[in-house]
Amino acid sequence: MSETAGPNTADPNTAAATAEPPAAADDGSGSTRGATIQLDGLTKRYPGSPNPAVDNVTMEIKAGETVVLVGPSGCGKSTTLKMINRLIEPSSGRIRIGDEDVTDMDPVKLRRQIGYAIQSSGLFPHMTVAENIALVPKMVGWSKSKVKDRVEEMLDLVGLDPREFHDRYPRRLSGGQQQRVGVARALAADPPVLLMDEPFGAVDPITRDHLQDELIRLQHELHKTIVFVTHDFDEAIKLGDRIAVLRERSQIAQFDTPEAILTNPADDFVSGFVGAGAALKRLNLTRVREVEIAEFPTVTVEDPLQSIFNKLSSGPHNELLMLDRKNRPYKWLRRGDLSRAKGSLANAGQLVHDTVTRDATLHDALEAVLTDSGGRVAVTGRRGEYIGVVDMQTLMTSVQEMLEADRLTAFEHQHELAERHGVRGGQEPRSGAGA
């Protein structure tokens, strides 16, 4: 789908058949960047229903941004999403992606240019992981060697070792691994647009947090245009560059940044949807990478016991972090643990139960710190490798700074409103005097 050619100069069927990245959208790394999406008067009516399911939705989604559609169950957010790739045909209205009106093009060819990820991954159970990921690239005619390279690239991109997962079947994957493969499949043909319909809704909360972090990391690398549906406002705050809060029939109550919605909700409906604790929800707007990640003394499982003991007894810390053979956090070791080790660390120390990535939010980090007796959490990279730690003091300082910034913003907003009111109050008498 070309972003440079207008509707009269590009053949949409040819573009769909080749699915080659448009030249103007290539960021120099060979990856297709996102395309603008414009919805104009998009409406869906079902026979026999007196009211439309989606009523006259007009919205512009910028190229490369993540927009989250959030609203109560049954408000039409999934229907709106599925009309973008024409899984549901609109009754009226237009859809433009990049410079092309795609409302009337072949819907099958359109879908091959739009990534689509759903709840429970939607993987084909009779196909291996590699075969699932290769599906769309094969359909659009990529060569065998290009497909093979792309499968390995996608597995690596979503943090799965190609050697380990290439030939597995979906039933041999955890829920989180299945969702990662689902995202890899959606991105395999390098589409400019990725639609995601509650993709993390069926996994446990810890896995969900990690998948959200992974999506944030991927978006930093790929710059796709992502439209994401959820009923969870906290998830919307964490993921969205902008959030569309929808009423019934997908009517837009507010379409704005997470910060603006939290600090200045448009009306009582939006306030009710945001719920209590807006200040705490602000923690979902700052990432761990934005605060200080401290160093911490580490040892490995292969270090001699005496070496570990010497390092702990001679250093300023009362604790060490033991890393496994892949440099991943394994155990927290204290001095008392070593005195009870009796020649073996097999039963000594406390296993690391939770870690956060640099793309995790401060809310995630604070939860992990509060549930850990040591008041700190290990920060890891894309394959779980150790990077550093974030402690309670760092988080509390960041929270105080955010609250102070919010107070200043609120004060400036009130001052601006007062000035506007004063100007209007001063102008009206002068206007009357001159009449």
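How many aromatic pairs does a search of the whole structure find? In this predicted model, the search returns 4 such pairs.

One of them joins Phe-233 and Phe-273 in an edge-to-face arrangement, with 6.2 Å from centre to centre and 80 degrees between the planes. Phe-233 belongs to helix α9, residues 233-239, and Phe-273 to helix α11, residues 268-274, so this contact ties together parts of the chain that lie 40 residues apart in sequence. Phe-233 has a relative accessibility of 6% and therefore counts as buried, the cut-off for that class being under 20%. The two rings also belong to a wider group: ring pairs link Phe-233, Phe-269 and Phe-273 into a cluster.

Another edge-to-face pair is made by Phe-296 and Trp-332, whose ring centres are 5.5 Å apart and whose planes meet at 90 degrees. This pair, too, links distant parts of the chain. Phe-296 sits in the loop between α12 (278-281) and β11 (298-300), while Trp-332 is in strand β13, residues 329-334, and the separation is 36 residues. Both partners fall in the buried class: Phe-296 has a relative accessible area of 15%, and Trp-332 has a relative accessibility of 2%.

Trp-332 has a further contact, this one with a charged side chain. Arg-376 lies over the face of Trp-332, at 3.6 Å from the ring centre. A similar placement is found at Phe-165, where Arg-168 lies over the ring face at 4.5 Å from the centre.

Arg-376 leads on to the strand that holds residues 376-380, which is β16. Strand β16 runs antiparallel to β17, residues 386-391, and 5 bridges join the two. Within this pairing, Val-377 stands opposite Val-390 of β17. The hairpin formed by β16 and β17 has 5 residues between the strands, and Gly-384 there takes a positive phi near 85 degrees.

Gly-384 also appears in the account of the pockets. The largest pocket has a volume of about 1200 Å³. Its lining comprises 33 residues, and those closest to its centre are Arg-180, Arg-328, Arg-382, Arg-383 and Gly-384. Which elements each supply at least two residues of this lining? They are α6 (162-165), α7 (175-187), α8 (205-222) and β15 (355-357). The largest share comes from α8, with 7 residues. By residue class, the lining of the largest pocket holds 15 charged, 12 polar and 6 nonpolar residues.

The second largest pocket encloses about 490 Å³ of space. It is lined by 21 residues, and the ones nearest its centre are Arg-111, Ile-114, Tyr-116, Val-136 and Arg-185. Two or more lining residues are given by each of α3 (107-111), β6 (114-118), α4 (129-139) and α7. Strand β6 makes the largest contribution, 5 residues. The lining of the second largest pocket divides into 13 nonpolar, 5 polar and 3 charged residues.

Helix α7 connects the two descriptions, since α7 supplies at least two residues to the lining of the largest pocket and gives two or more to that of the second largest.

Note on methods. Residues numbered from 1 in each chain as written. Predicted model: local features only at pLDDT ≥ 70, side-chain atom pairs only at ≥ 80, totals over all residues. Heavy atoms only, no water. 1 Å grid on protein atoms, 1.4 Å probe; cavity = no way out; pocket = protein on both sides within 12 Å on 5 of 7 lines; lining within 4 Å. Points joined across faces, edges and corners; volume = space filled by probe spheres on them. Helix = DSSP H or I, 4+ residues; strand = E, 2+ residues; numbered from the N terminus. Nonpolar A, V, L, I, M, F, W, Y, C, P; charged D, E, K, R; others polar. Phe/Tyr/Trp six-rings, centres within 6.5 Å; stacked < 30°, edge-to-face > 60°. Buried < 20%, exposed > 50% of the residue type's maximum accessible area, 1.4 Å probe, protein only. Lys NZ or Arg CZ within 6 Å of the ring centre and 35° of its normal. Pairing = 2+ DSSP bridges.
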